[in-house]
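This report looks at how the strands of one model are arranged and how its nonpolar residues are grouped. Please keep the sequence and the structure in view while reading.

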Amino acid sequence: MIGGIVLAAGRSTRFGEVNKLLAEWNGKPLVRHVVDAALASRLSRVVVVTGHEREQVANVLPDGVATIHNYEFQQGMAGSIRAGCYRLQGHMPVMIMLGDMPLVTATHINQLIAAFDGEGIVVATCNGKTGNPALFPKSH
């Protein structure tokens, strides 16, 4: 069993006045692309961590998706990861996904899961550079 945490709490300050996660791309909000991919993957559970504009973000998510609100979202990503692990009850490895990566697909997520041996951290790579998503064993 592997849990997925979609980080969707940030303020998107570099994006300007609009919440980047709510910006439409190919007919749906950015965050919805990642959440849909996670739900279509082999992840056992998926939780979305909200923060800034939590109601608006929650309103674009599919019905029934698990959420948790990070009240200290202004403090950075670590608090959102803690909140997501708390919501998943901390008993399983977790894949951390950013809510603003609409090109991540269920296939990408499943490839990371297939590479996971239960011990080491598995990180996505593109053109030789590491990035997100990343999959962590429960020991981490």
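## Pairing of strands 7 and 8

Strand 7 and strand 8, the latter spanning residues 129-136, are paired through four bridges in the antiparallel sense. Within this pairing, valine 123 has alanine 134 of strand 8 as its bridge partner. The model is a predicted one, and the description below should be read accordingly.

## The sheet

The sheet is open and consists of six strands in the order 5-4-1-6-8-7, with mixed pairing. Strand 5 (66-69) and strand 7 stand at its edges, and because each has a single partner strand, one side of each is left without a neighbour in the sheet. On average, neighbouring strands of this sheet are turned by 30° against each other, with direction ignored.

## The nonpolar cores

The largest nonpolar core holds 25 residues, of which Val6, Leu43, Met95, Met97 and Ile109 touch the most other members. Two or more residues of this core come from each of strand 1 (3-8), helix 1 (30-40), strand 4 (45-50), strand 6 (94-98), helix 4 (106-115) and strand 7 (122-126). Helix 1 makes the greatest contribution to this core, with five residues. A second core, separate from this one, has 13 residues, among them Ile5, Val49, Phe73 and Val94.

## Surroundings of methionine 97

When neighbours within four places in sequence are left aside, methionine 97 is in contact with Gly4, Ile5, Val6, Leu7, Val34, Ala38, Leu43, Ile109 and Pro133. Val6, Leu43 and Ile109, which appear among these contacts, are also named with Met97 among the residues of the largest nonpolar core that touch the most other members.

Conventions
Residues are numbered from 1 along each chain as its sequence is written. This is a predicted model: local features need pLDDT of at least 70, side-chain atom pairs count only at pLDDT 80 or more; totals for chains, interfaces and linings use all residues. Side-chain values use heavy atoms; hydrogens and water are left out. A nonpolar core is a set of buried Ala, Val, Leu, Ile, Met, Phe, Trp, Tyr and Cys residues joined through side-chain atoms within 4.5 Å. Buried means under 20% relative accessible area, exposed over 50%, partly exposed in between (1.4 Å probe, protein chains only). Contact means heavy atoms within 4.5 Å. Two strands pair if DSSP finds at least two bridges between them. Axes are lines fitted to C-alpha atoms, for helices over the stretch in contact, and angles run from 0 to 180 degrees between N-to-C directions.
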